[in-house]
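Student: I'm new to this one and would like to go slowly. Please pick one part, look at it closely with me, and then show me what surrounds it.

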Amino acid sequence: MNAHVTDGERGVSVRRATVRDAKRLTHLVRTSSAYEGPYAPMIAGYRVGQDYIETHEVYVAVGPDGRVLGFYALILNPPELDLMFVADSAQGLGVGRLLMTHMKREARAAGLDSVRIVSHPPAEGFYLSVGARRTGTVVAHPPAVMWDRPELELPTE
């Protein structure tokens with residue numbers, strides 16, 4: 001089920017994450033400018049551990065130089081996009097779209113018709129642009145999450 005997707009124009013490819021990626025993925029999450037200001041508490045101390053990588057469908061986008069540009073984690077049961085991050089330096093280069101194309105292929109290969117996404121509020125527009133549709137709102141759960149979040153569904157076709 002390891003569909004390989006490549007953006008040949010930029011030499012970016014997507015591969016399954018390994019436990020050796022854990023520190024780099026954690027660093028990517030903790031340094032994301034999308035979680036500055038009021039959103040900072042949500043990722044404070046967040047860690048993508050080796051156990052998480054071993055037990056979930058985690059894939060990384062890698063540049064031609066081997067640098068991790070982004071990643072996502074897909075939960076198969078129930079189907080949900082658990083994590084999706086693109087490095088600040090790779091924003092606007094198509095990495096997020098490449099990861100979403102890969103995620104949809106993996107979900108389809110696993111027999112899923114759609115994937116639930118509980119979006120970071122500023123990312124909702126991106127998910128809508130790749131075909132997701134808004135299905136509702138997940139209300140805040142202080143102190144972990146202090147704001148309501150858009151709930152979306154992304155068809156895999």
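Tutor: Let's begin with how the chain meets itself. Of the contacts in the protein with a separation of 6 or more, 62% are between residues 24 or more positions apart; a contact here means heavy atoms within 4.5 Å. Keep in mind that this is a predicted model: local features need pLDDT of at least 70, side-chain atom pairs count only at pLDDT 80 or more, and totals for chains, interfaces and linings use all residues. Residues are numbered from 1 along each chain as its sequence is written, and side-chain values use heavy atoms, with hydrogens and water left out.

A quick map before we zoom in. The protein has five helices and eight strands, where helices (H or I, at least four residues) and strands (E, at least two) are DSSP runs numbered from the N terminus. Following the sequence, you pass through them as β-β-α-α-α-β-β-β-α-β-α-β-β. The C-alpha trace spans about 40 × 30 × 30 Å along its principal axes. Out of 157 residues, 46% count as buried; buried means under 20% relative accessible area, exposed over 50%, and partly exposed in between (1.4 Å probe, protein chains only).

Now for the part I'd pick: helix 1, which covers residues 22–30. Its buried residues are A22, L25, T26, L28 and V29. Looking down the axis of helix 1, you'd find these buried residues within an arc of 160°, so they line one face of the helix. That arc is made by the directions from the helix axis to the C-beta atoms. A bit of general background helps here: an α-helix has 3.6 residues a turn, so residues three or four places apart point the same way. Turn to the face of helix 1 that looks away from the buried side, and you meet K23 and H27, which are exposed.

What sits over that buried face? The cover includes helix 2 (40–43) and helix 3 (50–55), along with strand 3 (57–62), strand 4 (68–76) and strand 5 (79–86). Let's visit a few of these pieces.

Start with helix 3, which holds I53. With a relative accessibility of 3%, I53 counts as buried. Setting aside neighbours within four places in sequence, I53 is in contact with R16, A17, T18, V19, D21, A22, L25, V48 and V58. Two names on that list, A22 and L25, should ring a bell, as they are among the buried residues of helix 1. For a sense of scale, I53 and P122 are 26 Å apart from C-alpha to C-alpha, with their positions 69 residues apart in sequence.

Next, strand 5, where L83 lies. L83 is buried too, at a relative accessible area of 11%. Beyond residues up to four places away in sequence, L83 touches Y46, V48, Y52, F71, Y72 and A73. You've already met V48 among the contacts of I53. The C-alpha atoms of L83 and H120 are separated by 10.0 Å, although the two are 37 residues apart along the chain.

On the way from strand 4 to strand 5 there's a detail worth spotting. P78 sits in the loop between those two strands, and the peptide bond leading into P78 from N77 is cis, with omega near -5°. In general, most peptide bonds are trans. Another backbone detail comes just after helix 4, where G111 takes a positive phi of about 85°.

Now follow the chain on to strand 6 (residues 114–118), which contains S114. Leaving out residues up to four places away, S114 touches P79, E153, L154, P155 and T156. P79 belongs on your map already, because strand 5 covers 79–86 and "strand" refers to these DSSP runs. The side chains of S114 and E153 are joined by a polar contact of 2.7 Å. A polar contact is a pair of N or O atoms within 3.5 Å; within protein, one must be able to donate a hydrogen and the other to accept it, and residues adjacent in sequence count only if both atoms are side-chain atoms.

E153 has another partner, R133, whose side chain also makes a polar contact of 2.7 Å with that of E153. R133 lies in strand 7 (residues 133–138) and counts as partly exposed at 46% relative accessibility. Its contacts outside four places in sequence are L128, E151, L152 and E153. R133 and P150 are 17 residues apart along the chain, with their C-alpha atoms separated by 9.9 Å.
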